[in-house]
Amino acid sequence: MITGSVKTGSTEMEYFSFGSGSRRLIILPGIGVQKVRASAKGVETAYSCFEQGYTVTVFDRKNDLPQGCTIAQMADDTALAMKALNIEKADFFGASMGGMIAQTMAINHPSLVRSLVLGSTLSRPNDTVLNVSRNWISLAQKGDVTAMAEKMINLLYSEKLAAQLSSAAALLFAGVTKADLDWFIIQARAISGFDVYDKLSLIHCPALVIGVENDGVVTAQASYELAEKLGCELYMYGGEYRHCVFDEAPDYKQRLMDFYNSIV
């Protein structure tokens, strides 16, 4: 595994990469409280099926997000980071907020995007995601990381996994600083200004939308709407999973692999 950071304007963006294949896969994760490198080993294990055919790169948001930062700016940062690493074109997997950034990449930087898988995401805000983000922002502003962890566990994970994680809620954000929470708040605020629904016709690369019926963050309807507007394949998981189905469903990574391999 390679870990590092690249210059994006006046600051840096952290990343990690693994695998030895000739094809490039970019993973853009969801909104974060802590930097993605903290979960690098777990991600490498989860996506081990890609290691031979692909070189996988996971990009974070840049370290010093400005107040009022938009999803479009995050996409521009990702484009700069790709160019800094000499990644000319890649398959993309964007999960949750990462899916918002991935859509924007395909619209604003189409030459960098070979194909697109959009997991548990949306193309424009709805009341559900706005209420969720406002609640998370409020807890972050109060510095109540235990309550944040508890709320997130129950919204993001299946009932079975949430029950297992609940006893460790206080440990999930151990070591989180005020700077981390401020970084999180800037990301969360960007959701309300994100709307590419009317620009989705500009996306011409192969695309797949994967959603879940019991999505209490972006809603299942957002996945249906996104796939319909893109005119692409949609796969919906059942209600036993929640928003972070991409972390739990045992066949999820194989679905990604099958889709990417179907593209000539």
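These questions and answers cover the sheet and the largest pocket of a predicted model.

Q: In what order do the 8 strands of the open sheet lie?
A: The model is predicted. Its open sheet has mixed pairing. Neighbouring strands are turned by 20° against each other on average, direction ignored. The strand order is 1-2-4-3-5-6-7-8.

Q: Which strands stand at the edges of the sheet?
A: An edge strand here has a single partner strand, so one side is left without a neighbour in the sheet. That describes two strands, one at residues 2-8 and the other at 233-237. They are strand 1 and strand 8.

Q: How many bridges join strand 1 to strand 2?
A: The two strands form a hairpin with 2 residues between them. Gly9 sits in the turn, with a positive phi of about 75°. The strands run antiparallel, and Val6 has Met13 of strand 2 as its bridge partner. The number of bridges is 7.

Q: How many of the 8 residues of strand 2 are buried?
A: Strand 2 spans residues 11-18. Buried means under 20% relative accessible area. By that cut-off strand 2 is mostly covered. The count of buried residues is 7.

Q: Which residue of strand 4 stands opposite Phe16?
A: Strand 2 and strand 4 run antiparallel. They are joined by 5 bridges. Opposite Phe16 stands Val58.

Q: In which sense do strand 3 and strand 5 pair?
A: Strand 3 covers residues 23-28 and meets strand 5 over 4 bridges. Leu25 stands opposite Asp91 in strand 5. The sense of the pairing is parallel.

Q: What angle does the direction of helix 3 make with that of strand 5?
A: Helix 3, residues 97-108, packs on the sheet. It touches strand 3, strand 4, strand 5 and strand 6. Its direction and that of strand 5 make an angle of about 145°.

Q: Which residues lie nearest the centre of the largest pocket?
A: This pocket holds about 1200 Å³ of space. Its lining has 42 residues. Nearest the centre lie Ile31, Ser39, Tyr157, Cys244 and Asp247.

Q: Which element supplies the largest share of the lining of the largest pocket?
A: Several elements each supply at least two residues, among them helix 1, strand 4, strand 5 and helix 8. The largest share is 4 residues. These come from helix 5.

Q: How many nonpolar residues does the lining of the largest pocket have?
A: The lining can be split by class. It has 6 charged residues and 8 polar ones. The nonpolar residues number 28.

Key
Residues are numbered from 1 along each chain as its sequence is written. This is a predicted model: local features need pLDDT of at least 70, side-chain atom pairs count only at pLDDT 80 or more; totals for chains, interfaces and linings use all residues. Side-chain values use heavy atoms; hydrogens and water are left out. On a 1 Å grid over the protein atoms alone, a cavity is a set of points where a 1.4 Å probe fits but cannot get out, and a pocket is an open set with protein on both sides within 12 Å along at least five of seven lines; lining residues have an atom within 4 Å of a point. Grid points are joined across faces, edges and corners, and a volume is the space filled by probe spheres set on the points. Ala, Val, Leu, Ile, Met, Phe, Trp, Tyr, Cys and Pro count as nonpolar, Asp, Glu, Lys and Arg as charged, and the others, Gly among them, as polar. Two strands pair if DSSP finds at least two bridges between them. Axes are lines fitted to C-alpha atoms, for helices over the stretch in contact, and angles run from 0 to 180 degrees between N-to-C directions. Contact means heavy atoms within 4.5 Å. Buried means under 20% relative accessible area, exposed over 50%, partly exposed in between (1.4 Å probe, protein chains only).
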